[in-house]
Amino acid sequence: EYQTLLRLSKPIMRRFIVFIRFSGMRPGEIRGLIWTHIKSQAKKIVIEEHKTSGKTKIPRRIPINHVMAKMLLWLRRENPGSSKHVFLNSFGRPWTCRVITKKFEDIRKKSDMPPDVTCHKGRHMFATRAIMNDVDIASLMEILGHAKLATTQRYLHLAGKVDHLNDAMEKAIRPGERNPLS
């Protein structure tokens, strides 16, 4: 589905989709992302006002990985210097929720994808991949900006992933430094 979304999207929308997938950020956070949120020296994005700021009372800090860094550099170079927003539509203005939703609906209709394919799915894909790559749940909780661990634990739904379970089984029986039963 991800590849289909990319294939059927115009480049300007494709960048938005890729950023969701590789940042784990909420679509609304990306839509509202402004250049002052990006702390290049610290390699992170800091958003003061966000979905859980009322609960946590702390800014949302998103580490910048190499994919995000390359895209942000490209966007900085290509965007009009006067724009404070990072992601702009074809008119040079920030995206609206309505337009993003409409673009996803159009792509779904073209490709006969199910209705559950939404722009938020890239965030789920990021979280699922993180779990499958052994990112610990506490770190993932912070990266995703969840206020409660239970919210992050929803991504532990990998029971049907045979390869992941096989890897987990092998890890479970690896000899440790010291066997407590001997």
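What percentage of the 182 residues of the protein chain count as buried? The proportion is 38%. The model on display is predicted, and the tour below moves from the whole chain to individual sites.

**The whole chain**

Begin with the entire chain, coloured by pLDDT. The average is 84, and 89% of the residues score at least 70. Select residues 38-39 next: this is strand β1, whose mean pLDDT of 94 is the highest among the elements of the chain. Then select residues 162-172, helix α10, where the mean falls to the lowest value, 67.

Switch to a cartoon view coloured by secondary structure. The chain contains 10 helices and 3 strands. Read from the N terminus, the elements follow the order α-α-α-β-β-α-β-α-α-α-α-α-α.

**Glu 29 and Arg 60**

The structure holds 4 salt bridges. For one of them, select Glu 29 and Arg 60 and show their side chains; the closest N and O atoms are 2.7 Å apart. This pair connects distant parts of the chain, since Glu 29 belongs to helix α3 (residues 27-31) and Arg 60 to strand β3 (residues 60-63), with their positions 31 residues apart in the numbering. Are these two residues buried or exposed? Both Glu 29 and Arg 60 are buried.

**Ser 23 and Ile 62**

Move to Ser 23, located in helix α2 (residues 11-23). Ser 23 counts as buried because its relative accessibility is 2%, against a cut-off of under 20%. Add Ile 62 to the selection and draw a line between the two C-alpha atoms: Ser 23 and Ile 62 are 39 residues apart in sequence and 7.7 Å apart in space.

**Ser 90 and Met 13**

Now centre the view on Ser 90, in the loop between α5 (66-78) and α6. With a relative accessible area of 61%, Ser 90 is exposed. Its partner for this stop is Met 13: the C-alpha atoms of Ser 90 and Met 13 lie 9.3 Å apart, although 77 residues separate them in sequence.

**Helix α6 and the loop after it**

Select residues 97-111, helix α6, and display Lys 102 and Asp 106, which are 4 residues apart, about one turn of the helix. These side chains form a salt bridge in which the closest N and O atoms are 2.9 Å apart. Lys 102 is partly exposed at 46% relative accessibility, and Asp 106 is partly exposed at 30%.

Continue along the chain to Asp 112, in the loop between α6 and α7 (121-132). What is phi of Asp 112 near? The angle is near 60°, a positive value in a residue other than glycine. Most residues other than glycine have a negative phi. Asp 112 counts as exposed because its relative accessibility of 70% is over the 50% cut-off.

**Lys 121 and Asp 116**

Select Lys 121 together with Asp 116. Their side chains meet in a salt bridge, with an N to O distance of 3.4 Å. Lys 121 is partly exposed at 29% relative accessibility, and so is Asp 116 at 46%. Salt bridges also form a network elsewhere: shared partners join Arg 26, Glu 29 and Arg 60. Adding Arg 26 to the earlier selection of Glu 29 and Arg 60 brings this network into view.

**Asp 134**

Proceed to the loop between α7 and α8 (137-144), where Asp 134 is found. Asp 134 has a positive phi of about 65° although it is not a glycine. Its relative accessible area is 48%, so Asp 134 is partly exposed.

**The positive patch**

For the last stop, show the molecular surface and select Lys 51, Lys 55, Lys 148 and Arg 154. Which charge does this surface patch carry? The four residues gather in a patch of positive charge. Lys 55 sits in helix α4 (residues 53-56) and counts as exposed at 64% relative accessibility. Arg 154 comes from the loop between α9 (149-152) and α10. Finally, mark the C-alpha atoms of Lys 55 and Lys 148: they are separated by 9.6 Å, while the two residues are 93 apart along the chain.

Note on methods:
Residues are numbered from 1 along each chain as its sequence is written. This is a predicted model: local features need pLDDT of at least 70, side-chain atom pairs count only at pLDDT 80 or more; totals for chains, interfaces and linings use all residues. Side-chain values use heavy atoms; hydrogens and water are left out. Helices (H or I, at least four residues) and strands (E, at least two) are DSSP runs, numbered from the N terminus. Buried means under 20% relative accessible area, exposed over 50%, partly exposed in between (1.4 Å probe, protein chains only). pLDDT is the predictor's confidence in each residue, from 0 to 100. Patches are made of residues with over 30% relative accessible area and no salt bridge: like charges are joined within 9 Å, nonpolar side chains (Val, Leu, Ile, Met, Phe, Trp, Tyr) within 5 Å. Accessible areas come from the Shrake-Rupley method with a 1.4 Å probe; for residues, only the protein chains shown count as cover. Lys and Arg count as positive and Asp and Glu as negative; His and the chain ends are not counted. The place of a charge is taken as NZ of Lys, CZ of Arg, CG of Asp or CD of Glu.
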